[in-house]
Amino acid sequence: MNRNLDLTALRSFLAVADSGGVTRAAGFLNLTQSAVSMQIRRLEEALGTRLLDRAGRGVTLTAAGEQLLGYGRRLIALNDETYARMIAEID
């Protein structure tokens, strides 16, 4: 069982949550809509739960999606901080 979250998929999830839609998130991430949808689907499969309600034109977060939103922001922030620190130490 893989217990590691895909940070790229997590970034896509956060972009969808922030923008309110997969198409807008895809534009922000410079990816296709289908690539973002696939990343979200893989994240949902890895976690065993739906993260988004895809009703109508936009998306809303499920209860699990709301919960992941806070953790996801912290994980991405820590990842980015670590990366920046390590790159700075190399220079």
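Trainee: Which side chain meets R11 in a salt bridge?

Mentor: Keep in mind that this is a predicted model. A salt bridge is read from the gap between a side-chain nitrogen of Lys or Arg and a carboxyl oxygen of Asp or Glu, which must be within 4 Å. Here the side chain of D80 meets that of R11, at 2.4 Å from N to O. The pair links distant parts of the chain, with D80 in helix α4 and R11 in helix α1, 69 residues apart.

Trainee: How many salt bridges does the count come to?

Mentor: The count comes to 4. Among them is the pair R50 and D53, at 2.1 Å from N to O. Another one joins the side chains of E44 and R54, at 3.2 Å. E44 is in helix α3, while R54 is in the loop between β1 (52–53) and β2 (60–61), 10 residues further along the chain.

Trainee: Does a residue have to be called either buried or exposed, or what lies in between?

Mentor: There is a middle class: buried means under 20% relative accessible area, exposed means over 50%, and partly exposed is what lies in between. R54 has 46%, so it is partly exposed. E44 has 9%, so it counts as buried. For the first pair, D80 at 34% is partly exposed, and R11 at 32% is also partly exposed.

Trainee: What does E44 touch?

Mentor: Leave out residues up to four places away in sequence, and E44 touches T49, R50, L51, L52 and R54. One of these, R50, is partly exposed with a relative accessible area of 49%. Its salt-bridge partner D53 is partly exposed as well, at 27%.

Trainee: How should I read the order of helices and strands?

Mentor: Count the elements, then follow them along the sequence. This chain has 4 helices and 2 strands, and their pattern is α-α-α-β-β-α.

Trainee: Which elements give two or more residues to the largest nonpolar core?

Mentor: Such a core is a set of buried nonpolar residues joined through their side-chain atoms. The largest one here has 19 residues, and F13, V16, L43 and L52 have the most contacts inside it. The elements giving two or more residues are α1 (7–19), α2 (22–29), α3 (33–47) and α4 (63–90). The largest share, 6 residues, comes from α1.

Trainee: What is F13 in contact with?

Mentor: Setting aside neighbours within four places in sequence, F13 is in contact with I40, L43, L51, L52, L61, G65, L68 and L69.

Trainee: Is S12 buried or exposed?

Mentor: S12 has 2% relative accessibility, so it counts as buried. This residue lies in helix α1. With neighbours within four places left aside, S12 is in contact with L29, L31, V36, Q39 and I40.

Trainee: Where is N30 found?

Mentor: N30 is in the loop between α2 and α3. It has a positive phi of about 60° although it is not a glycine. With 71% relative accessibility, N30 counts as exposed.

Trainee: What can be said of the whole chain?

Mentor: Of its 91 residues, 30% count as buried. The C-alpha atoms fill a box of roughly 50 × 30 × 20 Å along the principal axes. The accessible surface comes to about 6,300 Å², and 53% of that belongs to carbon and sulfur atoms. Among contacts between residues at least 6 apart in sequence, 50% join residues at least 24 apart.

Definitions and conventions: Residues numbered from 1 in each chain as written. Predicted model: local features only at pLDDT ≥ 70, side-chain atom pairs only at ≥ 80, totals over all residues. Heavy atoms only, no water. Core = buried A, V, L, I, M, F, W, Y, C linked by side-chain atoms within 4.5 Å. Buried < 20%, exposed > 50% of the residue type's maximum accessible area, 1.4 Å probe, protein only. Contact = heavy atoms within 4.5 Å. Areas by Shrake-Rupley, 256 points an atom, 1.4 Å probe, with all protein chains shown as cover.
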